[in-house]
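Student: I have just opened this structure. Can you walk me through it with a few questions?

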Amino acid sequence: MSGDPLLRGTIDFVDVLVVLFKVGIAFGFLLVATMFMVWFERKLISDMQNRIGPNVAGPWGILQTLADGLKFFFKEDLRPREADSLVFRLAPYLSVVTAFVAFAIVPVGGVFKDGDPTSGTVSLFGKETYLQVADPPMGILLLLAASSIAVYGIMLAGWSSGSKYPLLGAVRASAQAISYEAALGMAVVAVVIAAGSLSTHDIVAAQSGGYRSWYWFATGLIPFVVFFIAATAELNRPPFDLVEAEQELVGGFHTEYSSIRFAMFFLAEFMNVITMSAIMVTLFFGGPAGPIFFGLDWLFPTLWFFGKVLVFLFVFVWFRATLPRLRYDQLMNLGWKVLIPVMLGWLLVYRAIVLWRDDKIDPIPTIIVGSIIAIVCTALLTAAFSAGDRAFERENTPSDREGS
Amino acid sequence: MLSVLVAQNIAFGIIAAIACISAVRMVTTQNVVHAALYLVAVLASLAAIYILLVAEFVATTQFLVYIGAVMVLFLFGVMLTRAPTTGDSRLTGDHWPIGLGVAVMLAGVLTYVVLDFFGSDQLPNDPIVFDTADVGDSIFSTYLVPFEAVSVLLLAALIGAIVLVRKD
């Protein structure tokens with residue numbers, strides 16, 4: 001029986017307080033981390049571009065985000081005359097709330113040992129509990145649910161502004177999010193197969209027994225790369241930031257937003273970067289699991305977790321400083337024609353290996369059947385791609401293109 | 001003794017009220033995007049009721065499939081075709097009394113069936129925990145044939161949609 005030991009049996013008042021405490025800490029932590037992330041990104045990217053970056057507010061400009069946030073509060077809140085006022089006001093909240101929700105399933109601490117799903121508890125006010133806000137049985141699906149709700153925030157913001165650039169930006173953003181959600185979900189499936197559970201706590205526990213049980217082969221190669229690319233696209237981070245391509249769309253879906261409502265979108269965006277990094281650490285890099293020195297049980301797991309998250313935050317900024325933005329058709333091709341087929345193929349291969357290794361099924365028929373399926377699928381896919389290319393060529397005959 | 005004031009029943013009452021009000025607003029509102037959003041509220045309330053019934057996996061699936069995919073496509077279609085932000089379009093057709101009649105009749109039939117089947121049955125005190133693994137097991141053993149049939153049906157619908165929109 002999995003699940004948080006705190007919520008087993010009868011629930012008393014202290015249990016409720018512990019849950020509220022965890023919610024409060026997670027909320028506060030995410031807000032502070034977001035402020036840090038904005039500063040970190042600006043500082044790092046200016047280093048990469050040989051600039052100084054924010055350096056006036058506080059030591060090393062670390063209070064710059066706070067100053068910007070305060071400034072947003074005092075700005076005039078404009079609303080276009082053509083805007084749908086109810087939806088216009090609702091949209092930023094949808095973005096921010098979903099950004100918080102996904103973080104609830106991330107375990108941030110606790111001693112995970114030897115792949116044991118009952119390990120990883122901490123003692124909080126005399127109660128045994130997990131160091132994560134919630135450990136629902138459907139665990140990681142909550143991430144996918146939250147990211148599908150986040151699409152609403154963007155889409156409704158774009159539509160309700162009653163203006164053409166936000167609408168175009170919103171359509172782009174939601175099409176991109178929906179496309180890459182498929183690849184993201186399939187990468188998660190590979191992790192779930194390897195760990196044998198949907199619960200994030202069990203996924204971390206399954207990776208915690210040293211190099212043997214950390215399933216780097218099953219998920220570390222293809223699923224991780226696919227997940228990373230798809231997550232970058234989900235977050236609308238460069239090189240997939242077509243949503244706010246300034247040269248084409250002004251500011252994308254939040255063009256008409258100003259003051260604190262814009263600040264909420266901004267907050268949600270950076271918060272999502274942190275949440276996604278934390279999810280990646282959880283799914284692929286064992287979350288808080290890691291060697292513990294000097295018997296400091298309460299310190300090292302959390303330290304490992306934040307260290308791993310920081311690496312991913314750095315890589316996201318690095319992407320932004322390095323990579324040029326993709327064109328829209330390149331984006332769609334990468335999502336649908338590369339990531340999804342590769343991920344499907346890997347699921348097939350990995351599943352065959354598991355059948356052979358764990359269920360002791362004779363490898364020869366597995367290899368034969370698997371190869372036949374793989375060949376047929378590849379042939380069908382290639383045929384479909386060439387048919388699509390031919391149709392594209394027909395529609396864009398040279399006579400149409402002479403003007404451009 | 002029927003205990004009405006336990007936490008689940010109060011929560012159910014609130015969620016059911018939200019679902020009903022949203023459903024009524026969905027058919028009475030004159031703005032097509034608002035109607036879609038009210039439908040989202042109805043579907044989300046259903047998901048909340050599934051969570052009350054300890055069916056978290058079904059609830060998440062409801063979220064992912066209906067709210068995350070179906071309604072997003074709805075909104076896409078609406079926004080890209082006709083969805084003025086200001087000014088309401090006349091959405092209520094002239095045949096609404098017939099629709100109302102059908103809805104009342106359907107509600108009557110469903111109420112009758114539920115009452116007839118369950119009558120005064122009491123729910124067991126310990127909630128039946130039916131976790132994700134059980135759902136997976138029964139789909140791929142007991143209900144394998146219906147499940148595959150539905151999958152093929154969906155595939156056929158998908159191919160049909162592609163054939164319909166192809167220009168050549």
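**A buried charge and a chain contact**

Tutor: Glu181(A) is buried (under 20% relative accessible area) and has no salt bridge (a side-chain nitrogen of Lys or Arg within 4 Å of a carboxyl oxygen of Asp or Glu). The model is predicted: local features need pLDDT of at least 70, side-chain atom pairs count only at pLDDT 80 or more, and totals for chains, interfaces and linings use all residues. Residues are numbered from 1 along each chain as its sequence is written, chains are lettered from A in the order in which they are written, and side-chain values use heavy atoms, without hydrogens and water.

Student: Which side chain of opposite charge is nearest to Glu181(A)?

Tutor: Lys and Arg count as positive, Asp and Glu as negative; His and the chain ends are not counted. At 17 Å away, the nearest side chain of opposite charge is Arg237(A).

Student: Which helix of chain A holds Glu181(A)?

Tutor: Helices are DSSP runs (H or I, at least four residues), numbered from the N terminus. The run at residues 164-195 holds Glu181(A), and that is helix H5 of chain A.

Student: How many residues of chain A are in contact with chain B?

Tutor: Contact means heavy atoms within 4.5 Å. Chain B brings 25 residues to the contact, and the number from chain A is 28.

Student: Where does the largest share of chain B's side come from?

Tutor: Helix H2 (32-52) and helix H3 (56-81) of chain B each supply at least two residues of the side that touches chain A. The largest share, 13 residues, comes from H3(B).

Key:
Buried means under 20% relative accessible area, exposed over 50%, partly exposed in between (1.4 Å probe, protein chains only).
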